[in-house]
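Me: Can you pick one part of this model and look at it closely, cut-offs included? Then carry on from there into the rest.

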Amino acid sequence: MTGPDSTHGIIEVAFVDDDPDLRDANAQALRLAGFRAVPLGSAQAALDRIGPDYAGVVVTDVRMPGMDGIALSRQLRALDPDIPVIVISGHADIAMAVEAMSEGAYDFIAKPYSTERLVETLRRAVEKRALIIENRRLRALAASSDEETALLGEAPAILRLRQTIRDLADVDVDVLVLGETGTGKEVVANLLHRLGRRRDKPFVALNCGALPESVIESELFGYEAGAFTGAQKRRIGRIEHSSGGTLFLDELESMPPAAQVKLLRVLEMREITPLGSNDLRRVDLRVVAATKLDLGDPAQRGDFREDLYYRLNVVTLRIPPLRERRRDVPLLFAQFLARAARKYGREVPALDRSVERHLVENAWTGNVRELVHFAERVALGLSGDMPAAQAREDAVPSSLPERLTAIEANLIREALEANRGDVRATLEMLGIPRKTFYDKLARHGIDRAAYAMPG
């Protein structure tokens, strides 16, 4: 016997019948089939439990003392016309059940019926209700234009990161942000700036990997008129312009060695000398630097100066990739979809099963940036193109061994997240030895500490 889709685990089945034996027997059968069944002895008990956004489906007998099942169906539809109501009727009541269907009941089942018949009907109703609730949530988010979209989620690593950002916002300490491409490193830098006392001064960003070596020093330090050919007038550099505010250096690992030497002196002395000048100028500087490489690892650091790394590494904030917080993907997607719908002047679209499946199965190697682009395609009605030509070749593992490896990694991450990084509880949930567990963490590149709740 097959139960409901596991993605719809929040959906409840209210089984309403005045016969206690029949009611409890059916509720037990539904629980065994994987549903969260709640037995209720009367129509009034059902109305007392169910509200307009009830995350559930209702199964009701027709003949009950007081309010019968047909009247209950009418009241539930007046409360929320999208609540699926399944009416159970004896042969003498089939005409009444047909009337209920004409008024919007989801289905009716004639007695006697098999459990399999009830389960199959409920599976379809549960899926429909889950989609309705999700689409309502998306529309509610679309109406909340002031919702903060940055760093949403409930993964322990994200909770800890948000708290650390709040703690550091007013502290004049340089920060190194470590994260893969697309995780939102500039978002973190912006939050550090906006939440602190420097918020009214400039936030100045420079991508160290986007400028040629011949230009980056003049961009950082500025120059005086006549400092070099073409320097017709004085230019204030990014460092001086950010004085009092925040200087964000993205792709720090790409900074040329000569500029690294000068930046190190700026960080140590808090003063600059523009090109073509001998004057020292004091700067009130806070630097937030971002890198996708672990500069503490000599193999990854390459020719990046070790002393500059240690000077910046007073505080390091690590942004977890999406694969370490997969349960946050639906919430992030909902926000990005709502924002995209506003951007393009569209209604937030209803989600079909292919979109939901893509959210669950995709590897999200491009992290938040990839999720934003996918949300925009869905908002524009282009999601149907994504599985083939537009999907990245490495997004979903193709071979059976690759898929099994990805599934195993996701199960370990979910167990760590469910147990907030507690090793003993995670081992009990997974049912594997400790050594095997740590071997698998190493094989999949999973950082257990990222799942520990902030304390």
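Reply: Let's start with a helix pair, and with the angle classes: under 35 degrees is roughly parallel, over 145 roughly antiparallel, 65 to 115 roughly perpendicular, and the rest oblique. This is a predicted model, with local features needing pLDDT of at least 70 and side-chain atom pairs pLDDT 80 or more, while totals for chains, interfaces and linings take in all residues. Numbering starts from 1 along each chain as its sequence is written, and side-chain values use heavy atoms, without hydrogens or water.

The pair is H14, residues 353-361, and H15, residues 367-379, whose axes come within 12 Å and cross at roughly 180°. Axes are lines fitted to C-alpha atoms (for helices, over the stretch in contact), with angles from 0 to 180 degrees between N-to-C directions. Helices (H or I, at least four residues) and strands (E, at least two) are DSSP runs, numbered from the N terminus. H14 and H15 are therefore roughly antiparallel to each other. On the H14 side, the contact (heavy atoms within 4.5 Å) is made by Val-355, His-358 and Leu-359, and these meet Leu-371, Phe-374 and Val-378 of H15.

Now for strand S8 (246-250). Five of its five residues are buried, so S8 is largely enclosed by the rest of the structure; buried means under 20% relative accessible area, against over 50% for exposed and partly exposed in between, with a 1.4 Å probe and protein chains only. Thr-246, Phe-248 and Asp-250 point one way, while Leu-247 and Leu-249 point the other. That fits the usual pattern, as side chains in a regular strand alternate between the two faces of the sheet.

S8 has parallel partners. Five bridges join S7 to it (strands pair if DSSP finds at least two bridges between them), with Asn-207 standing opposite Asp-250. Three bridges join S8 to S11, where Leu-249 has Ala-289 as its bridge partner. S11 (residues 287-291) in turn pairs with S6 (residues 175-178) over four bridges, again in the parallel sense, and here Val-177 faces Ala-290. S6 also makes four parallel bridges with S12, residues 315-318, including the one between Leu-178 and Arg-318.

Helix H8 belongs in this picture too. Ile-216, Glu-217, Ser-218, Glu-219, Leu-220 and Phe-221 of H8 (residues 213-221) are buried. The buried residues of H8 pack against S7 and S8, along with H9, H10 and S9. Right after H8 comes Gly-222, with a positive phi near 75°.

Earlier in the chain there's an open sheet of five strands in the order S2-S1-S3-S4-S5, paired in parallel. S2 (36-40) and S5 (107-110) are its edges, each pairing on one side only, and the twist from one strand to the next averages 20°. Inside it, S3 and S4 share four bridges, and Asp-61 has Ile-88 in S4 as its bridge partner. Two helices go with these strands: H1 (residues 20-32) lies across S1 and S2 at about 175° to S2, while H3 (residues 69-79) touches S1, S3 and S4 and makes about 155° with S3.

How far to trust it? Mean pLDDT, the predictor's confidence in each residue from 0 to 100, is 83 for the chain, and 87% of residues reach 70 or more. Over residues 1-9 pLDDT is below 50, and over 387-397 it stays under 50. Where pLDDT is low, predicted coordinates shouldn't be read in detail.
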